[in-house]
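Colleague: Before we discuss this model, may I see the sequence and the structure together?
Modeller: Certainly; both are shown here.

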Amino acid sequence: PPAATGRARPAVPAAAGKELVAQLLAQQRASGAWQADAVRALLPALAAALGAGPSELSAAPDGDAVFATMLVAAFLELRAAGERDMWVLSQRKALRWGRRACNGAGVDFALVQQRAQEALARIDAW
């Protein structure tokens, strides 16, 4: 539905194709992380979801990147299952990085993953 401003909200693709998956993978850092700005650029519908992470992340080093990375990991799992062979290793690396970053900041990794999945599910309800 249109936003209150009268403009249509950017849609999250029902199923991500190879091109979008390739663009996402190209933006992944060597560490395994995705930066929030890269996620906003490739998946504008996720921009609002980037702020839905646990409050503990806001004070954590790389907190924005942690949540952006978990959003992309959830997006790949839920929206790009047909392209799994392209992203499975990148997602595994991202999850390892996210777990290390959360552990280092004293943030519950499972909670961060859950919030990312919930945020993506709210977008699905559009």
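**The setting of helix H4**

Modeller: Of the 17 residues of H4, 14 are buried, so the helix is largely enclosed by the rest of the structure. Please bear in mind that the model is predicted.

Colleague: What span does helix H4 reach from its first C-alpha to its last?
Modeller: Helix H4 covers residues 63-79, which makes 17 residues. At 1.5 Å a residue, a span of 24 Å is expected, and the helix comes close to that value. From first C-alpha to last, H4 reaches 24 Å.

Colleague: Is threonine 69 buried or exposed?
Modeller: Threonine 69 has its place in helix H4. Beyond four places in sequence, this residue touches Gly32, Ala33, Trp34, Ala94 and Trp97. Its relative accessible area is 0%, and because buried means under 20%, threonine 69 counts as buried.

Colleague: Which element gives the largest share of the largest nonpolar core?
Modeller: This core has 41 residues, among which Leu76 and Val112 touch the most other members. Helix H1 (18-27), H2, H4, H5 and helix H6 (109-124) each give two or more residues to the core. The largest share, 11 residues, comes from H4.

Colleague: Which residues does leucine 76 touch, leaving aside those up to four places away in sequence?
Modeller: Leucine 76 is one of the two residues that touch the most other members of the largest nonpolar core. With residues up to four places away in sequence left out, the partners of leucine 76 are Val21, Leu24, Trp34, Ala81, Trp87 and Gln91.

Colleague: On which residue is the kink in H5 centred?
Modeller: The 22 residues of H5 should span 32 Å at 1.5 Å a residue, and the 30 Å between its end C-alpha atoms agrees with this. The helix nevertheless contains a kink of about 25°. The buried residues of H5 include Trp87, Ser90, Gln91 and Ala94. The kink is centred on serine 90.

Colleague: Which residue follows H5, and what is its phi?
Modeller: H5 comprises residues 84-105. Glycine 106 follows the helix, and its phi is positive, near 70°.

Colleague: How many residues apart are arginine 40 and aspartate 37 in helix H2?
Modeller: The two residues form a salt bridge, with the closest N and O atoms 2.9 Å apart. Arginine 40 is partly exposed at a relative accessible area of 36%, whereas aspartate 37 counts as exposed at 58%. About one helical turn separates arginine 40 and aspartate 37, because they lie in helix H2 (residues 36-42) at a distance in sequence of three residues.

Colleague: Which side chain meets glutamate 77 in a salt bridge?
Modeller: The structure holds two salt bridges. Glutamate 77 is partly exposed at 37% relative accessibility, and arginine 84 is partly exposed at 38%. At 3.6 Å, N to O, the side chain that meets glutamate 77 is that of arginine 84.

Colleague: Over which residues does pLDDT stay under 50?
Modeller: The chain averages a pLDDT of 85, and 85% of the residues score at least 70. Among the elements, helix H3 (residues 55-58) has the lowest mean pLDDT, 82, and helix H5 the highest, 96. For the stretch under 50, the model has 14 contacts beyond four places in sequence. That stretch is residues 1-12.

Notes. Residues are numbered from 1 along each chain as its sequence is written. This is a predicted model: local features need pLDDT of at least 70, side-chain atom pairs count only at pLDDT 80 or more; totals for chains, interfaces and linings use all residues. Side-chain values use heavy atoms; hydrogens and water are left out. Helices (H or I, at least four residues) and strands (E, at least two) are DSSP runs, numbered from the N terminus. The expected span of a helix is 1.5 Å times one less than its number of residues. Buried means under 20% relative accessible area, exposed over 50%, partly exposed in between (1.4 Å probe, protein chains only). pLDDT is the predictor's confidence in each residue, from 0 to 100. Contact means heavy atoms within 4.5 Å. A salt bridge is a side-chain nitrogen of Lys or Arg within 4 Å of a carboxyl oxygen of Asp or Glu. The bend at a residue is the angle between axes fitted to the seven residues ending there and the seven starting there. A nonpolar core is a set of buried Ala, Val, Leu, Ile, Met, Phe, Trp, Tyr and Cys residues joined through side-chain atoms within 4.5 Å.
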